[in-house]
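Let's take a walk through this structure together. Keep the 3D view open as you read, and turn it whenever a new element comes up.

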Amino acid sequence: MEYFIQQLLNGLTLGSIYGLVAIGYTMVYGIIGMINFAHGDIFMLGGFAALIVFLILTSFFAGIPVALALLLMLIIAMLVTSLWNWTIERVAYRPLRGSFRLAPLITAIGMSIALSNFIQVTQGPRNKPVPPLINDVYHFGDITFSLKQLVIVIVTAVLLAVFWYIVHRTPLGRAQRATEQDRKMAALLGVDVDRTISITFVMGAALAAVAGTMYLMYYGVASFTDGFTPGVKAFTAAVLGGIGSLPGAVLGGLLIGLIESLWSAYFSIAYKDVATFAILAFVLIFKPTGILGRPEVEKV
Amino acid sequence: MASGTTTMSNDTILKVEHLSMRFGGLMAINDLSLEAKRGEITALIGPNGAGKTTVFNCITGFYKPTMGMITLNQKSGKQFLLERLADFEITKHAKVARTFQNIRLFSGLTVLENLLVAQHNKLMKASGYTILGLLGVGSYKREAAAAIEKARYWLEKADLIDRADDPAGDLSYGAQRRLEIARAMCTEPELLCLDEPAAGLNPKESLALNTLLRGIRDEGTSLLLIEHDMSVVMEISDHVVVLEYGQKISDGTPDHVKNDPKVIAAYLGVEDDEVEEVISEELEGGAR
């Protein structure tokens, strides 16, 4: 039983990270109907930005409080990824809006390759280790819960609350939802559609940067390939939860995290990704819109 | 943007001059000129395919006219040449709002949110485009309260106040029509263009619509509407323009237009006596 609860906690932590990345996929899909395949690499970029900030802080300002260091890492990583995602939307996606559906998809894959190779060239192909930032561990009987897991879950929960508030309670979120439903009409009512879409990319990137920082902190290592496997898993989470649905993205992320850690605990760890994707396949067969996705209504 | 090329008396809000719109070989509108007076309801009628919606699309920037000039004359005396503005600028600067033949509400948003989207620019300006602003720091709170107040005002007018928090998609057809008009009014237009607002309404809903439109006119917004429902047109219009094959065939008060032989011929075909009877009965019925 303790073992099970332990794995549940681990899965929850991992799932929070996937959920944060999945929101970026799902929001962009919701507003312009496109899968931003470069989003996984934005997540990876966030991890690297945090890593670099961490190294600078520890070499020049040794003894800086951990909380402050973490905050700086988060803020700078968010700025870097936001800028990057804003730029690729501006130069690579916006000119193709209104073009046939595959064009922006291919560009997104191109952007993904460009970014991961850029990091490979500038940062080197090897894994970058970081010393653990937070070491505190709590024991409840046989269950171990580390402070970093707690930080991850709390930061995720707080961000989701802020995010929910922005989307559902502010004019900005209203404009996003309106743009999602009828872009032309939103423009006619005075919503600046281009700016709204840009902001959506920036918001998704900021969440991905947080996830990247958390991932770095959790595993203690960053690699230029991180954009791929965790990125695809986050994408899977978005599809599993129902792409276009925000609660769906979080739910999907948590599920993927749980499946992954429980499978690794009870079955072969080598097949954990197979388990994840097999579940995705089942969901898509029996419920193609995902768990919380709304069925596409034919417009007349 | 303002232009002084035409002299216009201040009671004209919209002046269309020599407007032509060609789609390949089809002349959808041919040298059309018309005027809409400030504070009046002007109706644009005509048989199917006469070019009414095309005129609307030219006025609201969806089409760039092949030829002609469309001048909007604001209360302040500012003039805009609409054919030179992009569609969102027409809403934002020239203060022209429109609705469509088919309903285009944000059906997933609540009724109130639909009206707040229409006040988006004002709210964003008040928030100073910052997260802190959106969270209620500075003038945002006051502005947001004012926006909700305005939305409530139009919901009262449109008789939708009880449905404010329902998703717009759950409203009945007639209520959705009224909500579209209320939403357009929240952009504070000087000229409101309605494309067949009464289409598909039952007589009771039609009556409610008439009341709403008159209320809008009495508050100083001029209306231009395309309508097939003669009971609506004859009942509420101050001025009627009749189109056929992209040209104006009649222009005047509802009574004048109704008795114009050209109009009768256009609507009925000259020979088909039976249809003529039915429609003229309807026209009379509407005028009562």
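What follows goes from chain B to the contact between the chains, and then to chain A.

Before we start, please keep in mind that this is a predicted model. Chain B is a good place to begin: its secondary structure comes to 12 helices and 10 strands. Of its 288 residues, 43% are buried. Among the contacts in chain B with a separation of 6 or more, 66% join residues 24 or more positions apart.

Start near the beginning of chain B, with strands S1 (residues 12–23) and S2 (residues 26–37). These two run antiparallel and are joined by eight bridges. One pair to look for is B:Met21, whose bridge partner in S2(B) is B:Ile29. S1(B) and S2(B) make a hairpin with two residues between them, and B:Gly24 in the turn has a positive phi of about 55°.

Now find the open sheet of chain B, where six strands are arranged in the order S6-S7-S8-S3-S9-S10 with mixed pairing. Strands S6 (96–98) and S10 (247–252) of chain B each have a single partner strand, so they stand at the edges with one side left without a neighbour in the sheet. From one strand to the next, the twist averages 15°. As a general reminder, strands of a sheet pair through backbone hydrogen bonds, either parallel or antiparallel. At the S6 edge, S6(B) pairs with strand S7 (residues 191–195) in the parallel sense, over three bridges. There you can pick out B:Val96, which has B:Leu191 as its bridge partner in S7(B).

Which strands does helix H8 (residues 203–218) of chain B lie across? The answer is S3 (41–45), S7 and S8 (222–226) of chain B, and H8(B) runs at about 145° to S8(B). Helix H7 (residues 173–185) of chain B is worth a stop too. Its 13 residues reach 19 Å from first C-alpha to last, close to the 18 Å expected at 1.5 Å a residue. Buried residues in H7(B) include B:Leu179, B:Ile181 and B:Met185, along with the charged-looking names B:Arg177, B:Arg178, B:Glu180 and B:Arg183. The buried residues of H7(B) pack against S6, H3, H6 (140–157), S7 and H8 of chain B.

Next, turn the model to see where the chains meet. The contact takes 20 residues from chain B and 17 residues from chain A. On the chain B side, helices H2 (87–92), H3 (111–117) and H4 (120–127) each supply at least two residues. H4(B) gives the most to this side, with five residues. The residues on the chain B side divide into nine nonpolar, seven polar and four charged.

Finally, move across to chain A. An unreviewed UniProt entry annotates several stretches of this chain as "transmembrane region", among them residues 42–62 and 266–286. In the model, residues 42–62 of chain A are 90% helix and 0% strand, with the end C-alpha atoms 29 Å apart. Residues 266–286 of chain A are 76% helix and 0% strand, and their end C-alpha atoms lie 26 Å apart.

One loop residue of chain A makes a nice last stop: A:Phe37, between helices H1 (2–32) and H2 (39–60). Why does A:Phe37 count as buried? Because it has 22 C-beta neighbours inside 10 Å. Leaving aside neighbours within four places in sequence, A:Phe37 is in contact with A:Ala108, A:Ile109 and A:Ser112. A:Ile113 is 76 residues away from A:Phe37 in sequence, while their C-alpha atoms are 9.6 Å apart in space.

How values were computed
Residues numbered from 1 in each chain as written. Chains lettered and ligands numbered in written order. Predicted model: local features only at pLDDT ≥ 70, side-chain atom pairs only at ≥ 80, totals over all residues. Pairing = 2+ DSSP bridges. Helix = DSSP H or I, 4+ residues; strand = E, 2+ residues; numbered from the N terminus. Axes fitted to C-alpha atoms, helices over the stretch in contact; angles between N-to-C directions. Contact = placed C-beta atoms within 7 Å. Nonpolar A, V, L, I, M, F, W, Y, C, P; charged D, E, K, R; others polar. UniProt positions renumbered as here; feature names shortened; annotations may be inferred. Expected span 1.5 Å × (residues − 1). Buried ≥ 20, exposed ≤ 12 C-beta atoms within 10 Å, placed from the backbone.
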